[in-house]
Structures are given as structure tokens and as C-alpha cells.
Amino acid sequence: MKKPFRRAFIEITNSCNLACGFCASSARPESFMPPGAFQAAAAQAGELASVIFLHLLGEPFMHPQLPEILGACSRLGLKVNLVTNGVLLDKFGPDIFNEKCLAQVSISLHALASLPPALRSQTLSRLAAFALRKPAGLIVSFRLRGSPADSFIQGTKKAILDALTGNGVPAQARDGLKLREGVYLNFGSIFDWPGGPGGKQKKGCLGLRHHFGILSDGRVVPCCADFDGALALGNINEKPLAEILAGPAALALRDSIAGKTPMPAYCASCGFTAPDK
């Protein structure tokens, strides 16, 4: 049976090991979702969404019980995308990547710009080695956001291509390159987070139609960009997720985000949505 949402973003922690200039600055205190609370959230989200992303803000490898969390996802029969900056990828050893829930590891290479050059080079080498030895069936998606003219972007692209393709020519993929079986390099621009100055004319967004998010404190938000819960609809620690998403506040916000009624001011500056969508 087709589920009503394509993605659910569950933030297991808002703590991060890096301080990247392109990332949002949150007003929330550091928070780690307890494994029991995560299992309850994931069980509800899994009934509604096809894929669970362990991300909103924060670095999932900062959570000391990440292996336990992935194990819960496997027991629940969920399909998981793990989004990470890759610096801590070796923290728990290789066995966690054999969890049957894990479909994709998405690695944000642009985050490595915050590292000293020597450490950046070492990290890129470790990430390339991970892609070469990844478990069969696991997709590794390297993400590289920024201007193609930027020297960091150019150098990082070259390093990954040299390590994973050698003299071969990578195949074109939907928004990037296929480097080898199950390994991709995807490109994009740095986006504007919502809630900022200015604004863009938009016809609509896919929040609450294609996806929703759950913050580490249990609050339900319409999308992965609502990093501080500005448009929070309720809390799964107080009310079932399905009830929150089917409630009048969520339905009204969905229509507003979709452009059927005036779009929330908070969304006007968000770069996740192209102006013509």
C-alpha cells in the first residue's frame, strides 16, 4: 500500500561536531532523543512515510546510541537514509552499515570546508575508502553544494573522482555523476534557510504533502527546514503523530505552504523551494 508521505525526517540530535557557515543557527539547547522515544516516533512515522531520514539539524553520529537506533529501525522494518558530514563515520565501526534498514548514506562533502586542509584531505581519503568497501546494496551519495567556480568545490570534486573513478569517465546521473555501482556524486547550490530577510515569489512547496519532520524534542514540523519549530504543529510525546498530521492546523498549514492560501511569512525566504514550484 502506498504511504501518504515519501519522507519523514527524524532528528535524533541537534548536536553537531562542526560549525559550518552555511548551516542554520539554532536557538534550541543541545538535545538527544532517547532510543525509546525514537522507537515510538519511528514506529508512527514508518506507518506514514516510505523513507526515514535521521536528520533535520545535527550530526547523527554525535548520538552515543546510534547503533541502537539503527537496530530499532531494522526491527521495525523501516527504510533509512543516514545524512552525515562524514567526519565521524568510523566512530562505531563498520558493522552498523550492515543494518538491514540502511538503504543510503548521504555524505555532505561541503561541510568539510570547515576543516583544516590536512584533516580535510585525510577525511576525504577515509570517505573514499568507505565508498569502495561499502556493503553490497548500500547506496553512498556524496553531496557537494556550492559554486562550481569555488576552489574548495573544484578540489573536493577532483579528489573524489580521482579516488573512485581513476582514469574512468563517470556516468551522468539525475543531478550529478555515478562514480561506480551504488556510489554517486550529486551537486547543488547553497540554499537560504527560512525565516530570514527578504523573500521570493513562490507558487508552493511540498511540506506536509511530500514530507514532514520530527524534532529531537518531539515537536512535529512541516519540513526539514523548520529547524527551530517555528511552524510546529504539536508534539508526539503528547498526541499521536497521525492525529497531529490530520488535524485542522496541519491541513490549513499544508494548504498555505502549497500556495492555495497565502504562504506563511516564515517560508518566504526559504531556498529549498524553487520559485516556479
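This is a short talk about some strands and one charged surface patch in the structure above.

Hi everyone, and thanks for coming. Please keep in mind that we are looking at a predicted model.

Let's start with strand β4, which covers residues 102–108. Is β4 mostly covered or open to the outside? It is mostly covered, with 6 of its 7 residues buried. Strand β3, residues 80–84, pairs with β4 in the parallel sense, over 5 bridges. Strand β5, residues 139–145, also pairs with β4 in the parallel sense, again over 5 bridges. A handy residue to click on is Ile107: it is the bridge partner of Thr84, and it stands opposite Phe142 in β5.

Now let's move along the chain to β6, β7 and β8. Here the pairing is antiparallel: β6, residues 171–173, meets β7, residues 176–180, over 3 bridges. One of the pairs to look for is Ala171 with Lys178 in β7. β7 then pairs with β8, residues 183–188, over 4 bridges in the antiparallel sense, and there you can find Gly176 opposite Asn186.

What about the turns? β6 and β7 form a hairpin with 2 residues between them, and β7 and β8 form a hairpin with 2 residues between them as well. In the turn between β7 and β8, Gly182 has a positive phi of about 80°.

Last stop: the loop between β6 and β7, where Arg174 is found. Which residues gather with Arg174 in a patch of positive charge on the surface? They are Arg6, Arg7 and Lys79. Arg174 has a relative accessible area of 85%, so it counts as exposed, the cut-off being over 50%.

Thanks, and I'm happy to chat afterwards!

Conventions
Residues numbered from 1 in each chain as written. Predicted model: local features only at pLDDT ≥ 70, side-chain atom pairs only at ≥ 80, totals over all residues. Heavy atoms only, no water. Pairing = 2+ DSSP bridges. Patch = residues over 30% accessible without salt bridge, like charges linked within 9 Å, V, L, I, M, F, W, Y side chains within 5 Å. Areas by Shrake-Rupley, 256 points an atom, 1.4 Å probe, with all protein chains shown as cover. Salt bridge = Lys/Arg side-chain N within 4 Å of Asp/Glu carboxyl O. Lys, Arg positive; Asp, Glu negative; His and termini not counted. Charge placed at Lys NZ, Arg CZ, Asp CG, Glu CD. Buried < 20%, exposed > 50% of the residue type's maximum accessible area, 1.4 Å probe, protein only.
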